[in-house]
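Visitor: Please take a close look at one part of this model, the place where the two chains meet, and at the helices around it.

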Amino acid sequence: MADRSYLGEFELMILLAVIHLGDEAYGVPISRELEKHRGRGVSVGSVYAALERLEAKGLVSSSLGDPTPERGGKAKRFFQVTRGGLRQVNETRRVLTRLWQGLPELKGERP
Amino acid sequence: MTTVQPPAIAVWLLRHFTLGEANEALAGDLLEELRSGRSAGWYWRQVLAAISISWRRDAMNLSSAAVFAALWATVTPVWLLVVAHVEQKFQFHARIWPMEWPWSTVLDLGTLLAANLLYILAGIGLYLALDMSLRRDLHVALLLRGMKAGVPVMIALSAALIVLPMNFIAQGQPANQLAGIPVGSSIIAHMNPIEVARIPPQETWEAQFGEKPVITRPSPFAAISDRRAPAILVRLPFFLVILFALWRAKPQLGKRPDGFAQ
């Protein structure tokens with residue numbers, strides 16, 4: 001069951017990255033996706049910590065893939081956004097969009 | 001893709017100081033990134049960040065274990081005094097297995113380490129008996145693994161605590177009068193109770209070293225209430241090893257950490 005509380009900024013970014021990546025969403029590509037869009041490095045450990053929080057809230061689910069030699073025989077852990085997660089993302093987008101629409105042009109904002 | 005190997009110490013730290021379902025997947029991700037061209041420095045930063053995150057996340061979950069570990073560590077000096085008393089009374093060293101140096105010292109330290117590990121095991125057993133809810137969730141294999149990993153930590157910290165204060169106290173004193181000898185202080189009694197038990201008689205001491213220093217052996221209550229920095233440091237390995245073992249055994253998010261099921 002999804003929590004009614006709103007998502008944190010980092011958690012929302014991770015959920016969006018997982019949605020973007022689809023079936024290829026595991027630690028490495030999620031971290032790279034975040035790095036690409038944020039423009040700075042990210043700790044893979046913090047990504048997993050956030051994913052575990054999201055899983056505990058029922059917003060994502062995970063499954064283990066097959067072990068591969070290039071990973072030292074360790075399996076990938078793939079993540080998928082649940083229905084509750086999708087609802088939460090949409091709800092957050094709706095609220096944020098409304099808030100942004102009500103804002104005048106911000107000082108110092110560059111196009 | 002190359003077969004670059006990650007720094008062995010960083011791998012060990014990642015394996016033993018982070019916990020959770022993501023542990024093995026995280027280790028695999030970091031290795032994959034390293035072999036894709038990331039530097040060893042990047043790997044180290046990721047490992048240290050993961051450890052920091054893991055400990056912060058678990059700090060609240062482990063509050064009861066931390067309180068227990070602190071209490072058990074506070075009582076540690078009493079255990080050390082018991083060890084010294086038993087050694088003094090029965091003189092195992094001289095009667096059962098007399099040895100020449102350096103084997104006598106090795107035997108002393110081994111006996112002390114075994115006694116200390118027994119004390120730690122007793123503490124963990126007591127905690128499990130008291131905390132029924134934790135015992136239901138506890139993974140014995142992880143607990144044993146945590147204790148195993150705690151042994152080198154215990155040895156290293158104990159060695160550091162014996163050496164550092166001895167050097168501190170030994171300033172300006174002839175070395176032959178201070179090696180392994182409790183110099184009027186409960187601090188050394190805490191650190192090396194077996195040597196305390198073997199304080200030579202007055203005449204023997206005077207014949208060997210001259211004037212005998214004042215030696216005080218603390219009562220159990222005095223030992224527990226000793227709040228001097230070295231006495232607190234003596235308790236540190238006990239606190240850390242108990243906390244470490246319980247932390248390793250604590251399941252995350254109510255699930256078994258699959259990454260450790262090997």
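Guide: What follows goes from the contact between the chains to the helices beside it, and then to chain B.

This is a predicted model, in which local features need pLDDT of at least 70 and side-chain atom pairs count only at pLDDT 80 or more, while totals for chains, interfaces and linings use all residues. Residues are numbered from 1 along each chain as its sequence is written, and chains are lettered from A and ligands numbered from 1 in the order in which they are written.

Between the chains, 17 residues of chain A are in contact with 21 residues of chain B; two residues are in contact if their C-beta atoms, placed from the backbone, lie within 7 Å. On the chain A side, α2 (27-38), α3 (44-56) and β2 (74-81) each supply at least two of the residues that touch chain B. Helices (H or I, at least four residues) and strands (E, at least two) are DSSP runs, numbered from the N terminus. The most comes from α3(A), with seven residues. By class, this side of chain A has six nonpolar, five polar and six charged residues. Here Ala, Val, Leu, Ile, Met, Phe, Trp, Tyr, Cys and Pro count as nonpolar, Asp, Glu, Lys and Arg as charged, and the others, Gly among them, as polar.

Within chain A, α3(A) also packs against other helices. The axes of α2(A) and α3(A) are 10 Å apart, at an angle of about 105°; axes are lines fitted to C-alpha atoms, for helices over the stretch in contact, and angles run from 0 to 180 degrees between N-to-C directions. The two helices are therefore roughly perpendicular, a term for angles of 65 to 115 degrees. A:Gly27, A:Ile30 and A:Ser31 of α2(A) meet A:Val44, A:Val47 and A:Tyr48 of α3(A). That contact has four nonpolar, two polar and no charged residues.

Helix α1 (residues 9-21) of chain A has an axis that comes within 10 Å of that of α3(A) and crosses it at roughly 85°, so α1(A) and α3(A) are roughly perpendicular too. From α1(A) the contact takes A:Phe10, A:Glu11, A:Ile14 and A:Leu15, and from α3(A) it takes A:Val47, A:Ala50, A:Leu51, A:Arg53 and A:Leu54. Its classes are seven nonpolar, no polar and two charged residues.

In chain B, the helix to follow is α3 (residues 40-59). Its 20 residues should span 28 Å at 1.5 Å a residue (1.5 Å times one less than the number of residues), and its end C-alpha atoms are 29 Å apart, which agrees. The buried residues of α3(B) are B:Tyr43, B:Gln46, B:Val47, B:Ala50, B:Ile53 and B:Ser54. A residue is buried if 20 or more other C-beta atoms lie within 10 Å of its own, exposed if 12 or fewer, and partly exposed in between, with C-beta atoms placed from the backbone. The buried residues cover an arc of only 135° around the axis, so they lie on the same side of α3(B); the arc is that of the directions from the helix axis to the C-beta atoms. Their cover includes α3 of chain A, together with α1 (8-17) and α2 (23-35) of chain B. On the face turned away from the buried side are the exposed residues B:Gly41, B:Arg56 and B:Ala59.

As a whole, chain B comes to 14 helices and zero strands, and 31% of its 262 residues count as buried.

Methods: Angles under 35 degrees count as roughly parallel, over 145 as roughly antiparallel, 65 to 115 as roughly perpendicular and the rest as oblique.
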